[in-house]
Amino acid sequence: CHLIHYLRFSHHLIVLNYIIRTFDKLKSVSSEDINITDAVFDGVEVRVFQPPAKRDERLKRSVVYIHGGGWALASARTSLYNNLCRIMAESLNAVVVSVEYRLVPEVCFPEQFHDALRATKHFLQPDVLAEYSVDPSRIAISGDSAGGNLAAAVCQQLSKDEHLTIRPKLQALIYPVLQAFDFNTPSYQQNMNMPILPRHVMIHYWIYYLNGNSDLAHSLLINNHTALDVGQALSFRGHLNWTSLLPPSFKKNYKPVIQTTGKAEIIQEIPALLDVRAVPLLAENETLQLQPKTYILTCENDVLRDDGVMYAKRLENAGVEVTLDHFDDCFHGCMIFTIWPTDFSAGIQTRNSYIKWLDENL
């Protein structure tokens, strides 16, 4: 990314996505037993994976899936996500709807959130569920990384919509990115230079998503945007107090990084840093109490580990039934790496555990 940016090749995310999709054309994923179709749900493109109907079967369960990629990369149509959703559809005998939301730099927040919300609400309409033979009481919303962020934000929004008659039974979040308040949690400090997703890359993803200035990256890294003198952040501080939300095994010997004097103008320039639609971990307890039964998968070698663990604890404190599925030997993004030449045991292990939970609870 940095080389492409240095050479000034358009926007480096556009170039990187082009490379990903060009390489992806070399891959072929079989889908003989699953009917895969593309559709448009309220103006949003989706890919639908449907298992064949079984004798005497009336309605199927379903998963709305939102892919990761820093709100900027990948696609529901790439082989990695196509393969994941196909296997989910086969293993669960479920209709899987994979949302093809628009990406940075074409659009920025809140458009990705709006796309995911519109597609999900469209699917939850009784007549649409009937068209796909889906049981309205057995629907999950799920996603990985930035898709986990969108899934959590959409689930929170749906829980507050008084006009909805059908809501998800479950949410399943895979190493979700849930906060931009503190870039010095123990997992951010421990894994700051970890391949796949180092800390500075995650900070830049946030800046791109929220349409901020890249010059602010260093100030965000040292938490200048949430210093003690930044009044807008004060009311949210307790929601992300990792000293009380994380178990000792995760806190280790790391210390909080809290600046006394910071830069309030960062929040003024990028107000979405404190918008719960972008940062679901900032939600109030009243919203968390409304969330469905939840699964959160985290990996030890991941800057986002503590985002998921803190959200699990806050949901649990709010009375939600939560399964925290933590993997000590896995890394961010591993669950989609199950196709040669990136067919890692970590990917198979996490994917099987995730699908097993869905099978037992959906």
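A disulfide is a pair of cysteine sulfur atoms within 2.5 Å. This cut-off is needed to judge two cysteines in the structure discussed here, which is a predicted model.

## Cysteines without a bond

The structure holds 0 disulfides. The cysteine sulfur closest to that of Cys299 belongs to Cys334, at 4.1 Å. Because a disulfide requires sulfur atoms within 2.5 Å, the 4.1 Å between Cys299 and Cys334 is too far for a bond. Cys334 accordingly takes part in no disulfide. Both residues lie in the interior: Cys299 is buried, with a relative accessible area of 0%, and Cys334 is also buried, at 0% relative accessibility.

## The surroundings of Arg305

Cys299 is also one of the residues in contact with Arg305. Arg305 belongs to helix α15, which covers residues 305-317. Is Arg305 buried or exposed? Arg305 is buried, and its relative accessible area is 0%. Which side chain makes a polar contact with the side chain of Arg305? The partner is the side chain of Glu300, at 2.9 Å. When neighbours within four places in sequence are left aside, the contacts of Arg305 include Pro186, Ser187, Gln190, Phe250, Lys252, Thr298 and His326.

## The sheet and its helices

In general, the strands of a sheet pair through backbone hydrogen bonds, either parallel or antiparallel. In this model, 8 strands form an open sheet with mixed pairing, in the order β1-β2-β4-β3-β5-β6-β7-β8. Strands β1 and β8 (322-331) are the edge strands, each of which pairs on one side only. From one strand to the next, the twist averages 20 degrees.

Two helices may be described in relation to this sheet. Helix α3 (residues 79-92) packs on the sheet and touches β1, β2, β3 (60-66), β4 and β5. The direction of α3 makes about 160 degrees with that of β3. Helix α6 lies across β3, β5 and β6 (170-174), and α6 runs at about 135 degrees to β5.

At one edge of the sheet, β1 (residues 35-41) pairs with β2 (residues 44-50) in the antiparallel sense, over 7 bridges. Within this pair, Thr37 has Val48 in β2 as its bridge partner, and Asp38 stands opposite Arg47 in β2. The hairpin of β1 and β2 has 2 residues between the strands. In this hairpin, Asp42 takes a positive phi near 50 degrees.

## Backbone features in the loops

Two further residues other than glycine have a positive phi. For Ser145, phi is near 55 degrees; this residue lies in the loop between β5 (134-144) and α6 (146-159). For Asn211, phi is about 60 degrees, and Asn211 is placed in the loop between α8 (199-209) and α9 (217-221). How do the two residues stand with respect to the surface? Ser145 is buried, with a relative accessible area of 8%, whereas Asn211 is exposed, with a relative accessible area of 59%.

The loop between β4 (94-100) and α4 (111-123) contains Pro105, and Pro110 is likewise in the loop between β4 and α4. Each of these prolines follows a cis peptide bond, as the table sets out.

| Residues joined | Peptide bond | Omega |
|---|---|---|
| Val104 and Pro105 | cis | about 5 degrees |
| Phe109 and Pro110 | cis | near 10 degrees |

Terms used
Residues are numbered from 1 along each chain as its sequence is written. This is a predicted model: local features need pLDDT of at least 70, side-chain atom pairs count only at pLDDT 80 or more; totals for chains, interfaces and linings use all residues. Side-chain values use heavy atoms; hydrogens and water are left out. Helices (H or I, at least four residues) and strands (E, at least two) are DSSP runs, numbered from the N terminus. Buried means under 20% relative accessible area, exposed over 50%, partly exposed in between (1.4 Å probe, protein chains only). A polar contact is a pair of N or O atoms within 3.5 Å; within protein, one must be able to donate a hydrogen and the other to accept it, and residues adjacent in sequence count only if both atoms are side-chain atoms. Contact means heavy atoms within 4.5 Å. Two strands pair if DSSP finds at least two bridges between them. Axes are lines fitted to C-alpha atoms, for helices over the stretch in contact, and angles run from 0 to 180 degrees between N-to-C directions.
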